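Reader: I am new to this structure and would be grateful for a close look at a single part of it. Please describe one helix and its surroundings with some care.

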Amino acid sequence: MSEQQQTLTVQQAIDLAVQHHNAGRLPEAKSIYQQILQSDPNQPVALNLLGVIAHQTRKNDAAFDLITRALAIKPDYAEAHDSLGISLQGLGRLEDAIASFQKALRIKPDFAEAHYNLGNALKGLGKPEESVVSYHNALAVKPDYT
């Protein structure tokens with residue numbers, strides 16, 4: 001199998017897992033992410049999304065570890081910085097979460113979800129004025145963002 005065919009196969013598996021994930025079928029998505037990591041332990045997207053599932057199932061320590069691994073492989077992965085911020089929030093580490101969201105936004109300034117998540121973390125730190133700015137930034141990027 002050529003490298004391009006293997007990459008396409010991994011991408012197809014990720015796409016299928018994301019469909020399950022978005023539909024709330026976390027066990028199915030988790031199983032596919034784990035299968036991807038068995039063949040490629042350094043697949044950053046699978047590591048990040050497995051970390052997202054860990055957070056969603058209130059396993060923030062595991063989420064932190066998985067997402068940190070993804071970022072060690074791909075430091076400019078904005079979505080993983082956002083995911084890391086969410087897991088840090090779950091661990092009660094709001095200042096670290098804010099730094100992660102800000103890093104995501106330095107990489108991808110038009111990342112509405114990171115603006116929103118930054119707003120939530122700022123609100124949690126008792127900074128309502130700054131949080132409102134972040135929420136407005138999210139809406140400026142994505143006017144239909146709910």
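Author: What follows is an account of one helix and of its contact with a neighbouring helix. The model is predicted.

The helix chosen is α5, which covers residues 78–90. At 1.5 Å a residue, its 13 residues should span 18 Å, and the C-alpha atoms at its ends are 19 Å apart, which agrees. Beyond α5 comes G92, a residue with a positive phi, near 80°.

The buried residues of α5 are A78, A80, H81, D82, S83, L84, G85, S87 and L88. Among the elements that cover them are the helices α3 (44–56), α4 (60–73), α6 (94–107) and α7 (112–124).

Of these neighbours, α6 may be taken up in detail. The axes of α5 and α6 come within 8 Å and cross at roughly 165°. Because angles over 145 degrees count as roughly antiparallel, α5 is roughly antiparallel to α6. Their crossing is left-handed. On the side of α5, the contact involves A78, H81, D82, L84, G85, I86, L88 and Q89; on the side of α6, these residues meet L94, D96, A97, S100, F101, K103, A104 and I107. The residues of this contact divide into 9 nonpolar, 4 polar and 3 charged.

Helix α6 also contains E95. This residue is exposed, since its relative accessible area is 59% and the cut-off for exposed is over 50%. The C-alpha atoms of E95 and L125 are separated by 8.0 Å, although the two residues are 30 residues apart along the chain.

Key:
Residues numbered from 1 in each chain as written. Predicted model: local features only at pLDDT ≥ 70, side-chain atom pairs only at ≥ 80, totals over all residues. Heavy atoms only, no water. Helix = DSSP H or I, 4+ residues; strand = E, 2+ residues; numbered from the N terminus. Expected span 1.5 Å × (residues − 1). Buried < 20%, exposed > 50% of the residue type's maximum accessible area, 1.4 Å probe, protein only. Contact = heavy atoms within 4.5 Å. Axes fitted to C-alpha atoms, helices over the stretch in contact; angles between N-to-C directions. Parallel < 35°, antiparallel > 145°, perpendicular 65-115°, else oblique. Left-handed = near helix turned anticlockwise from the far one by under 90°. Nonpolar A, V, L, I, M, F, W, Y, C, P; charged D, E, K, R; others polar.
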